[in-house]
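This report goes through selected side-chain contacts, surface patches and one backbone angle of a protein model. Please keep the sequence and the 3D view at hand while reading.

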Amino acid sequence: MNKVVVKIHGSEYTMIGENSESYMIRVADFVDKEMNKIVEHNPRLSISQAGILTALNIANLLFECSSENDDLVKQNENLKDSRSNHEDLKRHIADLEEKLKVKSEEIESKDSEMKELTTSLRSIKDNDNSSNSDEYKNKYEKLEKEFFEAKERAKISENLASEFQNKAYELQLKYTELENSINKNKLK
């Protein structure tokens, strides 16, 4: 326990508490300044009236700080949720990019097969072998259809990846704004 004698509005008071002496002196100085402000604005107040008004002003300040603290706690929780969502989006984008890579490889493979079949088809046409020509033509048309479908799926995958990247960027901006807001409020 620490014990210190402090002066508030000209009267001495003994403070006893767990806090350091310097802390208790700072608290008493704050109360003294607040009480002196009130008496300065209305010198006809009695000591008890000035004390009550000082207590009300300090209680008001306490409530404001408490409310501001609650807001900061909510912002911090939202920020944590935002981080979690941001990480989920990153994982989802990575998954989509991997799928896009696989689809691109499929397209390249189909494109290569199509080129080979085109070359074979030309060769067959040149040799005028009509029985094999129909078989290759059907294969070619089938591969051409698969190639077109794969390209469409790749476009859809690219669009989805782009949308998720945009959303991730927006969340990063919101995250940064929230961090800045919290940091500003901490400085106040």
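The text below takes up salt bridges, then a polar contact, surface patches and a loop residue.

The model is predicted, and local features need pLDDT of at least 70, side-chain atom pairs count only at pLDDT 80 or more, and totals for chains, interfaces and linings use all residues. Residues are numbered from 1 along each chain as its sequence is written, and side-chain values use heavy atoms, with hydrogens and water left out.

**Salt bridges**

A salt bridge is counted when a side-chain nitrogen of Lys or Arg lies within 4 Å of a carboxyl oxygen of Asp or Glu. By this rule the count comes to five salt bridges. The table lists some of them.

| Pair | N to O distance |
|---|---|
| Lys-103 and Glu-106 | 3.9 Å |
| Glu-146 and Lys-110 | 2.9 Å |
| Lys-155 and Glu-152 | 3.9 Å |

The pair Glu-146 and Lys-110 links distant parts of the chain, with Glu-146 in helix α3 (residues 130–187), Lys-110 in helix α2, and their positions 36 residues apart. Helices here are DSSP runs of H or I with at least four residues, strands are runs of E with at least two, and both are numbered from the N terminus. Helix α2 covers residues 47–127.

Lys-103 and Glu-106 are separated by about one helical turn because they are three residues apart in helix α2. In helix α3, Lys-155 and Glu-152 are likewise three residues apart, about one turn of the helix.

Exposure is given as relative accessible area: buried means under 20%, exposed over 50%, and partly exposed in between (1.4 Å probe, protein chains only). Lys-103 has a value of 23% and is therefore partly exposed, and Glu-106 is partly exposed at 32%. In the pair that joins the two helices, Glu-146 is partly exposed at 23% and Lys-110 is partly exposed at 24%. For the pair in helix α3, Lys-155 is partly exposed at 47% and Glu-152 is partly exposed at 30%.

**A polar contact in helix α2**

Is Thr-118 buried or exposed? Thr-118, which lies in helix α2, has a relative accessibility of 19% and so counts as buried. A polar atom of its side chain lies 2.7 Å from the backbone oxygen of Met-114. A polar contact is a pair of N or O atoms within 3.5 Å; within protein, one must be able to donate a hydrogen and the other to accept it, and residues adjacent in sequence count only if both atoms are side-chain atoms.

**Surface patches**

Patches are made of residues with over 30% relative accessible area and no salt bridge; like charges are joined within 9 Å, and nonpolar side chains (Val, Leu, Ile, Met, Phe, Trp, Tyr) within 5 Å. Areas come from the Shrake-Rupley method with a 1.4 Å probe, and for residues only the protein chains shown count as cover.

Ile-52, Leu-53 and Leu-56 make a nonpolar surface patch of about 280 Å². Ile-52 is found in helix α2, and its relative accessible area of 54% means that Ile-52 is exposed.

A negative patch is formed by Glu-64, Glu-68, Asp-70 and Asp-71. Asp and Glu count as negative and Lys and Arg as positive, while His and the chain ends are not counted. The place of a charge is taken as NZ of Lys, CZ of Arg, CG of Asp or CD of Glu. Asp-70 lies in helix α2 and, at 42% relative accessibility, counts as partly exposed.

**A loop residue**

His-9 lies in the loop between β1 (2–8) and β2 (11–17). The phi angle of His-9 is near 50°, a positive value in a residue other than glycine. At 24% relative accessibility, His-9 counts as partly exposed.
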